[in-house]
Amino acid sequence: MTYSDKRLYEFGPFRLDAASRLLRRGDDPVPLSPRLFELLLVFVEDSGRLITKDELMDKLWPETSVEEANLTVNISALRKALSEGASGQPYIKTIPGRGYQFVAEVQRIGQESEWILEEQTSAEIIIEEEQTGGEEDDYRLTGQPAVPLVAAMPTEAVSRTAFARNRLALALLLVMAVAVSAYLWISMRSKNRAASPRTVAILPFKLVGTGEGDDYLGVGMADALITRLGSIKQFSVRPTSAVLKYAHTEQSLGDVGRGLNVESVLEGTIRKSGETYRVTVQLVSVETGTPIWTDKFDEKVTDVFTVEDRVSAKMAGALTLNLSGEEKARLARRQTQNTEAYTAYLQGRFHYIRLTPEGIKKAVEYFNQAVTLDPDFALAHAALASAYALLGFRTFGTLPPRETMPRAKSSALRALELDEMSAEAHTALGLIKLRYDWDWPAAERELQRALELKPAYAAAHQAYADCLLAMARNDAALVELKLAEESDPSSYVGISSTRLAHLYHNRQYDQLIELCKKLIEIDANSYLGHLVLGLACEQKGMIEEAIAAARKAIGVVPGKSGEAALGHIYAVIGRRGEALKLIEEFKAASGQTYVDSLHIAVIYAGLGDVEQTLAWLEKAYQERSSAMIYLNTDPRYDWLRGHPKFKDLLKRIGFAG
């Protein structure tokens, strides 16, 4: 007897396939995160019934304590994905104080289960589980009857007379069905738990006896393993930015793992002796503090690839992951066979993850070396795209976007030409489409593709949140922010840049001030914390606090954004001379380096100078300033929104009239 899941449902223009975990609107797939799909499936299968909040939370987060806000956020995201029904009414109805009800008319077009019984002759009943390797498992029952069982049960093709003749067989079948149903339910629950991603942190490797110039190797080895293992959906690997602070920690691996909210931690040591590296690694369980697996490798300097191959394969085995053939191939795949190119790539990553203008420039040099040595090195092209893009972003702002972004796009497209399954390249291209092309639909497609390939990729979730925020899809942006934080729980500071923008552009100034103060409490030199605190305090009319915060931001990172914020504050409180002085300093500096014209425009906006504000906004438009994506919601331009030229500018950027 074979069991298969054939639950198919239709409602409105949608078709939901439970087995393949797919929702379609007509012929087009609707991207849903696994949790949103589970939520929709619960609603569809209980259509018309009031489902309490507790029920939903138990089903979505079994054996996990979460806040009710998580459910609210997911409900909102699901509503966004489904949009409105044909009648203009929502599919999901809120029953105040009680729960939710799925009010669409649902039609089941597939049986909930199908049981196919094969003729057997054995007198003993045995349950065997046979893995097919696909989405479905095949459960076969051998045993009983002296008379042949019905070929397919139940089926309309079997007459009542046939059922009467096989009453005993049918009774036995029902008993067996109950037993197997219970076994199947337990097995599938166990399988679902086993299928959840293994959460792992890979710490920067410690260097012993290595020479000057080898500093990149410890971080580079960890970063390379993070990238490789992160491409396997059964792994949820903390990003390099999250583990850097533990490079020289004295904490136990258990404490480190709890801080990173992972199940296991990999640490390693690299010892150089002549032309040989000895690499020692251990994978430790956070719960028990005991090693899951340890090993040593002695490899020549020119064969660093072998170390990565063996560590990756051994980790998958140690964590008992049942990888598909495609996943095994992807895990074993080497992005390049050129050792010099790979070394240049590792050095580039070492500088890139510092996230400073100087570090990014150095990374560009090394990534260019890598792709010159091996033009088919897809991962290096993707890294080069990200580095070029950062140089054109306002945060780093050291080069004009029109100089860096075309290079970034070219590198991203080349990476995808070589490897369409590069989540890193899709993410880089998505950010370019967002911040330079101002092509919102294309940006969304690229970022959704990145997350399809790498669901736990925090950088892609954060980029997607930026994209949704620019499109004023605020609830969906909040969902992506939460997913980014789930993927990288330790990166409260890193991901908070997008959360700060979300609060600021939605005028939630009290929450914004609270978050900024938390960031400053964590790091007294938090540039973003001080800068955005100044912006929020200004909007609240807390002028002295705003000026103090802006000055502290300038003290941490002298120049540009901090001075522009301070200049705007001076302008709105009537300190015109000081505001104009900052404008002249910006204009003088533009002769030596790139200065985002938005810095000057925002000070003129504070002065209420319509002509100059519009002129410098137009200049920023021509420069393709990356921060133009927030022009539609920046409160400092609220007074100008009725002006025809301002409306025209927003329309040209891509905002709806």
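The following paragraphs describe the overall make-up of a predicted model, then two of its sheets, and finally a pair of packed helices.

In this predicted model, the protein chain contains 27 helices and 19 strands. Of the 657 residues in the protein chain, 50% are buried. The area that the protein chain exposes comes to about 30800 Å², of which carbon and sulfur atoms supply 51%. When contacts between residues at least 6 apart in sequence are considered, 59% of them join residues that are at least 24 apart.

One open sheet is built from five strands, which follow the order β5-β4-β3-β2-β9 and pair in the antiparallel sense. The edges of this sheet are taken by β5 (28–29) and β9, and because each has a single partner strand, one side of each is left without a neighbour in the sheet. Within the sheet, strand β3 (residues 14–17) runs antiparallel to β2 and is joined to β2 by four bridges, with L8 standing opposite D17 of β3. The hairpin formed by β2 and β3 has two residues between the strands, and G12 in this hairpin adopts a positive phi near 55°. Strand β3 is also joined by four bridges to strand β4 (residues 22–25), again in an antiparallel arrangement, and here F14 is found opposite R25 of β4. Strand β2 pairs as well with strand β9 (residues 107–108), over two bridges and in the antiparallel sense; in that pairing, Q107 of β9 is the bridge partner of E10.

The side chains of β2 illustrate a general pattern. In a regular strand, side chains alternate between the two faces of the sheet. Along β2 (residues 8–11), Y9 and F11 point to one face and are buried, whereas L8 and E10 point to the other face and are not buried. The two residues of β2 named above for their partners, L8 opposite D17 and E10 with Q107, thus belong to the face whose side chains are not buried.

A further open sheet consists of three strands in the order β6-β8-β7, with antiparallel pairing. Its edge strands are β6 (50–52) and β7 (92–95), each of which pairs on one side only, and the twist from one strand to the next averages 30°. Between β7 and strand β8 (residues 99–102) there are four bridges in the antiparallel sense, and T94 stands opposite Y100 of β8. Two helices lie across strands of this sheet: helix α1 (residues 34–45) crosses β6, β7 and β8 and runs at about 70° to β8, while helix α2 (residues 53–60) lies across β6 and β8 and runs at about 65° to β6.

Elsewhere in the sequence, helix α6 (residues 215–230) packs against helix α11 (residues 339–352), with the axes 8 Å apart and an angle of about 95° between them. Angles of 65 to 115 degrees count as roughly perpendicular, and α6 and α11 are therefore roughly perpendicular to each other. On the side of α6, the contact is made by D215, Y216, V219, G220, D223, A224 and T227, which meet Y342, T343, Y345, L346, Q347, R349 and F350 of α11. Classified by residue type, this contact of α6 with α11 comprises seven nonpolar, four polar and three charged residues.

Note on methods:
Residues numbered from 1 in each chain as written. Predicted model: local features only at pLDDT ≥ 70, side-chain atom pairs only at ≥ 80, totals over all residues. Heavy atoms only, no water. Buried < 20%, exposed > 50% of the residue type's maximum accessible area, 1.4 Å probe, protein only. Pairing = 2+ DSSP bridges. Axes fitted to C-alpha atoms, helices over the stretch in contact; angles between N-to-C directions. Parallel < 35°, antiparallel > 145°, perpendicular 65-115°, else oblique. Contact = heavy atoms within 4.5 Å. Nonpolar A, V, L, I, M, F, W, Y, C, P; charged D, E, K, R; others polar. Areas by Shrake-Rupley, 256 points an atom, 1.4 Å probe, with all protein chains shown as cover.
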